[in-house]
Amino acid sequence: MSIEKIRFVVNLLIITALVSTLQTANATIWPTVSSMELIKSSCPSGLEQYQELSQLKKDIVAAKSLSDAQKMALAPTNEAIDALRNASNIMPFSDDLNSAETRLSDARSRILVASSQAEVADEFSGMMLAGLDNDSAARVSAGGGSCNYSTGETIAIVIGLILGIIPGLILLVLLC
């Protein structure tokens, strides 16, 4: 078996185990709530809703150099892109996943060409708000409410959370 096939099988087994665990946990703790409803109810929109993401933005602004700021922003962004690619292996025809990967890749490109730590932080927070370059438009549309995740998006979020809390949170917000 090739490494890619083995990786695909392992990912599929992990996702299956996590979904089963979520369903069991929901049945035990919230017998009337499905796993999708639980994820939807815990998805506030916007960077400020997640303390970890807000703190990362502050750390990016306070970075000693532009290079350090870019590294701080790119590490979780790259992991979130990896999570989307892994989810795309499981759900290859998901337009939602392809669109999210394109938005994240575009944000990654903007982070790479940023000229200051503040600009890196701005691009990072813009990615969190709506995946747009125009933050003012994103702030108008970002707000409370529930999220409707597709199966592919849920898989991507779970993979992101496996890779780390920040990539998982990036996907929770970006896909909301």
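1. Let us start with N89, which sits in helix α4. With a relative accessibility of 46%, N89 counts as partly exposed, since exposed would require over 50% and buried under 20%. Its C-alpha lies 9.8 Å from that of R7, although N89 and R7 are 82 residues apart in sequence. Please keep in mind throughout that this is a predicted model.

2. N86 is another residue of helix α4. Is N86 buried or exposed? Its relative accessible area is 15%, so N86 is buried, given that the cut-off for buried is under 20%. A partner from far along the chain is A156: 70 residues separate N86 from A156 in sequence, while their C-alpha atoms are 7.3 Å apart.

3. Now a step back to the whole protein. It has nine helices and zero strands, and reading along the sequence gives the pattern α-α-α-α-α-α-α-α-α. The protein has 176 residues, and buried ones make up 41% of them. If you take the contacts between residues at least 6 apart in sequence, 66% of these join residues at least 24 apart.

4. Next, the core. In soluble globular proteins, nonpolar side chains tend to be buried together. Here the largest nonpolar core has 37 residues, and the members that touch the most other members are I60, L104, F124 and L171. Which elements give two or more residues to this core? They are α3, α4 (66–90), α5 (95–112), α6 (117–129), α8 (151–163) and α9. Helix α4 provides the largest share of the core, with nine residues.

5. L104 deserves a look of its own. You will find L104 in helix α5, and its relative accessibility is 0%, so L104 counts as buried. Leaving out residues up to four places away in sequence, L104 touches T77, A80, I81, L84, M127, I170, L171 and L174. One of these contacts, L84, is 20 residues from L104 in sequence, with 9.5 Å between the two C-alpha atoms.

6. L171 can be read alongside L104. Which residues does L171 touch, not counting those up to four places away in sequence? The list is A80, A83, L84, L104, A156, I157, G160 and C176. L104 in turn has L171 among its contacts, and both L104 and L171 are among the core members that touch the most others.

7. L112 makes a useful contrast within the helix that holds L104. L112 also lies in helix α5, but L112 is partly exposed, with a relative accessible area of 42%. Apart from neighbours within four places in sequence, L112 is in contact with Q70 and L74. The C-alpha atoms of L112 and E123 are separated by 9.8 Å, and their positions lie eleven residues apart along the chain as a sequence separation.

8. Helix α3 shows two sides. Its buried residues are L53, S54, L56 and I60. Why can they be said to line one face of the helix? Looking down the axis of α3, the buried residues fall within an arc of 160 degrees, so they line one face. On the other side of α3, Q51 and K58 are exposed.

9. Finally, consider how α3 meets α9. Two packed helices are described by the angle between their axes and the distance between the axes. The axes of α3 (residues 51–61) and α9 (residues 165–174) come within 10 Å and cross at roughly 105 degrees. That angle makes α3 roughly perpendicular to α9, a label that covers 65 to 115 degrees. From α3, the contact is made by E52, L53 and L56, and from α9 by I166, L169, I170 and V173. By type, the residues of this contact divide into six nonpolar, no polar and one charged. Two of the α3 residues named here, L53 and L56, also belong to the buried residues of that helix.

How values were computed: Residues numbered from 1 in each chain as written. Predicted model: local features only at pLDDT ≥ 70, side-chain atom pairs only at ≥ 80, totals over all residues. Heavy atoms only, no water. Axes fitted to C-alpha atoms, helices over the stretch in contact; angles between N-to-C directions. Helix = DSSP H or I, 4+ residues; strand = E, 2+ residues; numbered from the N terminus. Parallel < 35°, antiparallel > 145°, perpendicular 65-115°, else oblique. Contact = heavy atoms within 4.5 Å. Nonpolar A, V, L, I, M, F, W, Y, C, P; charged D, E, K, R; others polar. Core = buried A, V, L, I, M, F, W, Y, C linked by side-chain atoms within 4.5 Å. Buried < 20%, exposed > 50% of the residue type's maximum accessible area, 1.4 Å probe, protein only. Arc of directions from axis to C-beta.
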